[in-house]
Amino acid sequence: MKWKGTKVVAAVLLTSALIIGGCGNTAKNDTDKNSKPTNESAAKDDKSPITFTFFGADASPNWNNMQDDIGKVITEKTGVTLNAEFDVGSGGGDNKIALMAATGEIPDIIFPKGNLSTLVDAGMLMDLTDLIDKYAPNIKKIYEKDMNRLKYSNDDPAIYSINTNVGVDNVSFDAIGGFEIQQRVLKELGYPEVKTVKDFENVLKQYVAKYPTTDGQPTIPLTLNADDWRIMITVTNPAFFTTGAPDDGEYYVDPSTYEAKLHYKRPEEKEYFRWLNHMYNEGLLDKDTFVQKDDQYKAKIASGRVLGLIDQEWGYQDAENALKTAGKDEYTYAHFPVTMGPEFKDRSFQVAGVDGFGISISKNAKDPERIMKFLDWLASDEGQVLRQWGVEGKHYNVVDGKRVVPADIQNRKVNDASNFNKESGISLYLAFAPRYGDGVKDPSGNYYTTNFPEQIIEGYTDAEKETLKAYNAKTWKDLFPQESDFPAKEWGALYNMPTPTDGNYNVIYKKTQDIIRKRIPEAILAKAADFDKLYDNFLAELDKVGAKEMEAEYTQLVKARVALFTGKDVK
């Protein structure tokens, strides 16, 4: 989802190692097992103490000023300390980065998320092409097949950002999105089939009828998070997932013609919003959905009284972790690929290739060569293992050549995640440098990441394992359509595609977003008899402010991106 013209998928928070989508369907080992790690040159570099400033457009509530275990090792190995600031709200850094562009005051290093174009247009970011070539052998190795995908555009082939939120050659081994239902609900009802929105609705309706209260409070069948940009994740994005379309931000792209239009214009999606209207009028959708804040949403989930969600796990993980810490494993959530009907397939795992948000160096940065060497060390085999596994002997051991996480550490990862992350630093440094994704093995024959089937299964709670067994699955992903069911998207992840920050496009986009965020809630909260009129007026209102002109311009951007990524002559 991109705030300057597209949107974050799924995304991925700075504090989360979760990735939506992958780049293949088999585990890969593209490195020569007899090769040496490529970080010897970095080891010889200057390790004298130096501090760089940093801003991250995602919140990082567990950031510990590099006084965690991993941060201390990073400073020891590189001499670098980060004076870091993170976005404290839910706005993806919009306000802070707009201020940077206006004042010229920008930190040395920045993770701008969806605001890359704002900083590029303001002339505030360095072209990293030469720095990578001279000082980053590890980064070059990781992206050797995909350097074109780091380029900003056909017209401006500079590299302003190195993708860090998506692991290269990533294989998704688990599902973290979809429609969620508490384990206790499924068990009580005998693990019913959950494939369509009607199935989902019936499960919630049956359970709340039997148990109208939870621990003395009213049971909430379904709540959504509409706080600022999160409305896209839990309210509007599910409209395309449930109707067989992939996540292409605010647009639907025709795979044959590359023509783009606002996805709300698809007739199938109107029926999804009609269903949400029905859920509200049935009393199954939380009446506070469109007025509650993010912290209120999470507090309700942490209370255990919310039966169902439609979200990405990173959006409610803090609340779910609180339930685990309280010993309420049965109040955690199962994931299902729910659609409007059997004719549709959830495309959560349709691959977009190497493409995503990343790390940038500002033109004001002191010692950009040292910064690039620092980023490159983090991208080395040693740096990747440290960032994802932790410190050997403390967070994992090597047994018979295999990295193994001790039971007590695994227990803390599952049941005391927030405190453990703050102390260890695990998951806090992923956005600072590129890395290989899940399923890729290092020269020792071990996976770079801890997200592989055996480890994922080990991390499930007993309640999750019981639910999965009932559905004849080992992981939640087993319940979903797989990558092999769909062709790869030639245009990559459109939430990362640069869009104009001046001219008519951005003006129209802002107007359409204002309309969407006002009219979609109105249609959902309306009387059933008024829904069609309100929704049709909503679509007409979009066109009235210039949606068709905006869509035509976006179509040309998509076609140019396909040409950049594939070499096709796209007209």
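Tyr-207 is buried, with a relative accessible area of 5%. This residue opens a report on a predicted model. The topics are aromatic rings, salt bridges and one sheet.

**Aromatic pairs**

The count of aromatic pairs comes to 34. One of them joins Tyr-207 and Tyr-211. Their ring centres lie 4.8 Å apart and their planes meet at 40 degrees, so the pair is tilted. Tyr-211 is partly exposed, at 33% relative accessible area, whereas Tyr-207 is buried.

Tyr-505 and Tyr-554 form a stacked pair, with 6.3 Å from centre to centre and 15 degrees between the planes. Tyr-505 sits in helix α19 (residues 503-525) and Tyr-554 in helix α21 (residues 547-566), so this pair ties together parts that are 49 residues apart in sequence. Tyr-505 counts as buried at 1% relative accessibility. Tyr-554 counts as buried at 0%.

Ring pairs also build a cluster; its members include Phe-179, Phe-200, Tyr-272, Trp-275 and Phe-538.

**Salt bridges**

The structure holds 42 salt bridges. Three of them are set out here.

| Salt bridge | Closest N to O | Accessibility of the acid | Accessibility of the lysine |
|---|---|---|---|
| Glu-188 and Lys-210 | 2.7 Å | Glu-188, 33% | Lys-210, 46% |
| Asp-215 and Lys-328 | 3.3 Å | Asp-215, 53% | Lys-328, 25% |
| Asp-536 and Lys-270 | 3.0 Å | Asp-536, 38% | Lys-270, 15% |

Start with the salt bridge between Glu-188 and Lys-210. Glu-188 lies in helix α7 (residues 183-188) and Lys-210 in helix α8 (residues 197-210), so the pair ties together parts that are 22 residues apart in sequence. Glu-188 counts as partly exposed, and so does Lys-210.

Next comes the salt bridge of Lys-328 with Asp-215. This pair links distant parts of the chain, 113 residues apart. Lys-328 is in the loop between α12 and β12, while Asp-215 is in the loop between β6 (213-214) and β7 (217-218). Asp-215 counts as exposed; Lys-328 counts as partly exposed. Lys-328 has a further partner: its charged end sits over the ring of Tyr-331, 5.4 Å from the ring centre. Elsewhere, the charged end of Lys-113 sits over the ring of Trp-229, 5.1 Å from its centre.

The salt bridge of Asp-536 with Lys-270 completes the table. Asp-536 is in helix α20 (residues 531-544) and Lys-270 in helix α10 (residues 267-281), so the pair ties together parts that are 266 residues apart in sequence. Why does Lys-270 count as buried? Its relative accessibility is 15%, and buried means under 20%. Asp-536 counts as partly exposed. Salt bridges that share partners join Lys-270 and Asp-536 with Glu-271, Arg-274 and Asp-532 into one network.

**The sheet**

Four strands form an open sheet with mixed pairing, in the order β8-β11-β5-β12. The edge strands are β8 (220-222) and β12 (333-336), and each pairs on one side only. From one strand to the next, the twist averages 20 degrees.

How do β8 and β11 pair, and what is the sense? β8 and β11 (residues 306-310) are parallel, over two bridges. Leu-222 has Gly-308 in β11 as its bridge partner. Helix α12 (residues 313-325) packs on the sheet and touches β5 (179-182), β11 and β12. The direction of α12 makes about 165 degrees with that of β12.

Conventions. Residues are numbered from 1 along each chain as its sequence is written. This is a predicted model: local features need pLDDT of at least 70, side-chain atom pairs count only at pLDDT 80 or more; totals for chains, interfaces and linings use all residues. Side-chain values use heavy atoms; hydrogens and water are left out. Two strands pair if DSSP finds at least two bridges between them. Axes are lines fitted to C-alpha atoms, for helices over the stretch in contact, and angles run from 0 to 180 degrees between N-to-C directions. Contact means heavy atoms within 4.5 Å. A salt bridge is a side-chain nitrogen of Lys or Arg within 4 Å of a carboxyl oxygen of Asp or Glu. Buried means under 20% relative accessible area, exposed over 50%, partly exposed in between (1.4 Å probe, protein chains only). Rings of Phe, Tyr and Trp (its six-membered ring) pair if their centres lie within 6.5 Å; planes under 30 degrees apart count as stacked, over 60 as edge-to-face and the rest as tilted. A charge sits over a ring if NZ of Lys or CZ of Arg is within 6 Å of the ring centre and within 35 degrees of the ring normal.
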